[in-house]
Amino acid sequence: MGRYVLRRLLQMIPVFLGATFLIFFMVYALGDPVAALFGDKAPDPATAARIRKDLYLDEPLWSQYVHYMGQVFGGHFGTAFNGQPVTELMAGAFPVTLRLTIVAIVFEVALGITLGVLSGLRRGRGLDTSVLLLTLVVVSIPTFVSGTVLQYVFGVRWGWARPSVAPEAPFTELLLPGVVLGLVSLAYTTRLTRTSLVENARADYVRTAVAKGLPRRRIVVRHLLRTSLIPVVTFIGTDIGALMGGAIVTERIFNIHGVGYQLYQGILRQNSPTVVGFVTILVIVFLLANLLVDLLYAVLDPRIRYA
Amino acid sequence: MTRLLDVRDLRVAFRTRDGVADAVGGVSYAVDAGRTLAVLGESGSGKSVTAQAIMGILDSPPAFVTGGKVFFQGRDLLTLSREERRRVRGAKMAMIFQDALSALNPVIPVGAQLAEMYQVHRGMSRRDARARAVELMDRVRIPAAAARAGDYPHQFSGGMRQRVMIAMAIALEPELIIADEPTTALDVTVQAQVMDLLAELRREYAMGLILITHDLGVVADVADTIAVMYAGRIVETAPVRDLYRRPAHPYTRGLLDSIPRVDQRGGELYAIKGLPPSPLALPAGCPFNPRCPRARDICRTDRPPLYEVSDSGATDAGAQGRASACHFWKEELHGLDPLDPLGAAGTVGPLGG
Amino acid sequence: MPEPCEPLQPCEARSDTSSDRPVDLAATGTATLQSGPRSRPWRRRPLPRLRWRAAAPRPATGGPVPGNRGLWSDAWHDLRRNPVFLLSALVILFLVTIAVWPQLIADGNPYQGNLAKAQDGPAPGHPFGFDLQGRDVYTRTVYGARASITVGICATAGAALLGSVLGGLAGFFGGWWDALLSRIADVFFGIPILLGGLVFLSVVTSGSVWPVVGFIVLLGWPQISRIARGAVVTVRQQDYVLAARTLGAGNGRMLLRHIAPNAVAPVIVVATIALGTYIALEATLSFLGVGLKPPTVSWGIDISSASTQIRNAPHMLLWPAAALSITVLAFIMLGDAVRDAIDPKLR
């Protein structure tokens, strides 16, 4: 098991380097950060040259990247153009997004698995077909559409929730945005749980359990769920990436001052250090989440441990 | 005397996208306590489906039991409620499956899967059940049972896994065990060990055993009676010695002739020509008639019932009756050449008269 | 003691165990299936809709046995009867048609508007009302299909092609090609796609579809390559591939004749579903302002500008939103139906 962990950690490193380099390349090679700094005004050549030197912009790209990575490992993710260190910006925004994401994940997992199990067990009947249909429709509605519509319906028409979340973003106000964020993932989770359950219900070991004379409840809970939920758990891990993307949209719609919001602002204003810094951190978070999920998978499925 | 298991005219049909498939078309056989019945047949002959119908573990849909009775210790299982049937399973009758790797739950330790039997059917505590499970593993001769009780199925070898399956089946000392091709997935040497274990346990607990297989070699040592199945029906039943020496059905004769023999040097291997029919399209009359060297017109129109076979040369006179579903069982029994039944040319069947 | 039979004469049956009259299955069926009086009434479902007839006798050397079609004809057979497939295929056909010829059902001008009518509701000749700049929402919604369908189809074609080739070759040759490809794919997987889109497209100034298509292909091919690789690896281990190689087939022939046709099914399923998600992705990027930009007509752009005025004029948002959702739904439904038809495990 320990070797498995080590191996996964080692595999993560080149991926991390590659991903961050890709981002770096996209921002610095394809854009011009200095021009962005000055906004609409034309840059004064001397100042421009000095800034270039400070940001190592004159050196070849790979060298810039190396400098940047060196700073990252020292905990410095750069300074936004307004002077604030990126880490400070992140520290302010991260808890908010974290709360939002927690609401979304709890919603997705609790409701998704329940619905998936219920419809998987009653395959072909009324509940199953309606769940399948409903999830299909939900998957087809992009988050920004459902967010805007639900914001209107619940926030404006019916007044059940605040259409625009307060800056401190308490949990109660994050309920609606959290549900919006988790909606598409909920649909995927439900379908995956259902499919996994249906597939495993036909497995030989379930037939053995029936032949052993075990009561149905025990077969479902102890045998079926135990194996069927494994792919669902791994899916939720990879889904974190989708949630990050969705958070940008949700935060924009509900005016939540989280990571997505800051990132979006950074992009709008071509604030390259912010963008690169934030995305780097997000990539780290994503990779770590994937690693955790892989470890969890090994815990749940003993066949993997000894591979 | 009530027989342990008495299956009468069992019929099972499958609803498929291409129509209704008659998987089992009227099967009758019986087992007594302490005896072994071997059910022999090719893949697709319906032998496993029959066993699953007896156990009550058919997937329904697409399978449906459409007729017949299954008397177990005098009660017709098919008329019991789901709950009553469940209580019989595992405790009174148990099943051993072919592929232990897929038949055991991959994510639960083996000891826990064994202990489950005691926890569910006998209400034992977890600790007691675990202790019994280790004893069980010892009984089926799994080395270092206590240490291995926490291991998972994929960590065992094929033979050991099959022993675990056997342990699970005998855990509650059932009266009847159905073994569905228990050794097909194993090497020959391991096969022999597992079969020995099964025979020993059967003797010790005086259980009835139904052994389902397609392997004639395995059957000869272990079985008391053999029932040969073809296309969802029984075509012959006989005590084991009698079947091997004097089969009364052309299909059985064909199977026996297909076994390569050491003294058959230089000749071509015999195989029954043709293939078994699809259950969706069974031939009219006797289902074996397209491949049968003895087929006559009546075989193509009238399905033969199970005729009672009287055999003056029987080794075990008066024991299990013999039966054969062939209109011309007498010819077959006496080894008459189908092309020359009156023996004018003086030829006899390959296995002698 | 039964009479000894004469040779050549069928013997009289003495056994009472068999019966060969055709069984009235409807009658016996319920008796054996249902348990005793304690069974719950709602379980007493009669054998439904089964045309129970004893298997009709067929001649011994009859024609082809039913059920022996190939994978594709079986799949097509199933698809033809699947209402989900038929419905979604129809909708997609319609969408593709109006993407190519929007003038067929909309004869207005999507680019110019009458500011005096901004945010007005439906009027004769303008069933969906007007948007912020007085343009006809109906016309813009119809024209919006063009951008979405184009992006969807081109991006999927590109990602599927690139992904299948790279993934298929990696799966076929194995070794360190495979390892290299897996690492590269992991790198792309490490970047959540919307994040990457924001970063990449924010530096692009063109508002046409091609940067979006290019980006989606760039970040979408790993998903397809993984599926393709898995499929090729599975097929490669089959016996018929080994047999072909033993018969002397070279790599090229193996790939084209044996492996590709059998490995393509899962790729088709994933690509069809991915098409739906790519359309949603493009709309999201346009909504955020980094995807398509005016003057290109896109549902995402319309929804974005309409969202600020949703209280006053919901119609500006709801029609493009509905069109977008229906489009994505049609493709995902199609992919679902295709998967149900092709996946042998679900048969």
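A residue is called buried if 20 or more other C-beta atoms lie within 10 Å of its own, exposed if 12 or fewer, and partly exposed in between, with C-beta atoms placed from the backbone. By that criterion, 43% of the 307 residues of chain A count as buried.

Good morning. What I am presenting is a predicted model, in which local features need pLDDT of at least 70, side-chain atom pairs count only at pLDDT 80 or more, and totals for chains, interfaces and linings use all residues. Residues are numbered from 1 along each chain as its sequence is written, and chains are lettered from A and ligands numbered from 1 in the order in which they are written. The model scores ipTM 0.85 and pTM 0.79.

Let me begin with chain A. Chain A has 13 helices and zero strands; helices (H or I, at least four residues) and strands (E, at least two) are DSSP runs, numbered from the N terminus. Two residues are in contact if their C-beta atoms, placed from the backbone, lie within 7 Å. Of the contacts in chain A between residues at least 6 apart in sequence, 74% join residues at least 24 apart.

I turn now to the interface between chains A and B. Here 17 residues of chain A are in contact with 24 residues of chain B. On the chain A side, helix H9 (204-211), helix H10 (216-254) and helix H13 (302-305) each supply at least two residues. The largest share, six residues, comes from H9(A).

Within chain B, consider helix H4 (residues 110-122). At 1.5 Å a residue, its 13 residues should span 18 Å, the expected span being 1.5 Å times one less than the number of residues. The end C-alpha atoms of H4(B) are 19 Å apart, which agrees. The buried residues of H4(B) include Val110(B), Leu114(B), Met117(B) and Tyr118(B). Against what do the buried residues of H4(B) pack? They pack against H10 of chain A together with helix H5 (126-139) and helix H7 (158-170) of chain B. Just after H4(B), Gly123(B) takes a positive phi of about 65°.

Finally, chain C and its confidence. Chain C averages a pLDDT (the predictor's confidence in each residue, from 0 to 100) of 75, and 79% of its residues score at least 70. Among the elements of chain C, helix H1 (residues 25-33) has the lowest mean pLDDT, 29, and helix H3 (residues 83-100) the highest, 91. Over residues 1-68 of chain C, pLDDT stays under 50. Where pLDDT is low, the predicted coordinates should not be read in detail. Thank you.
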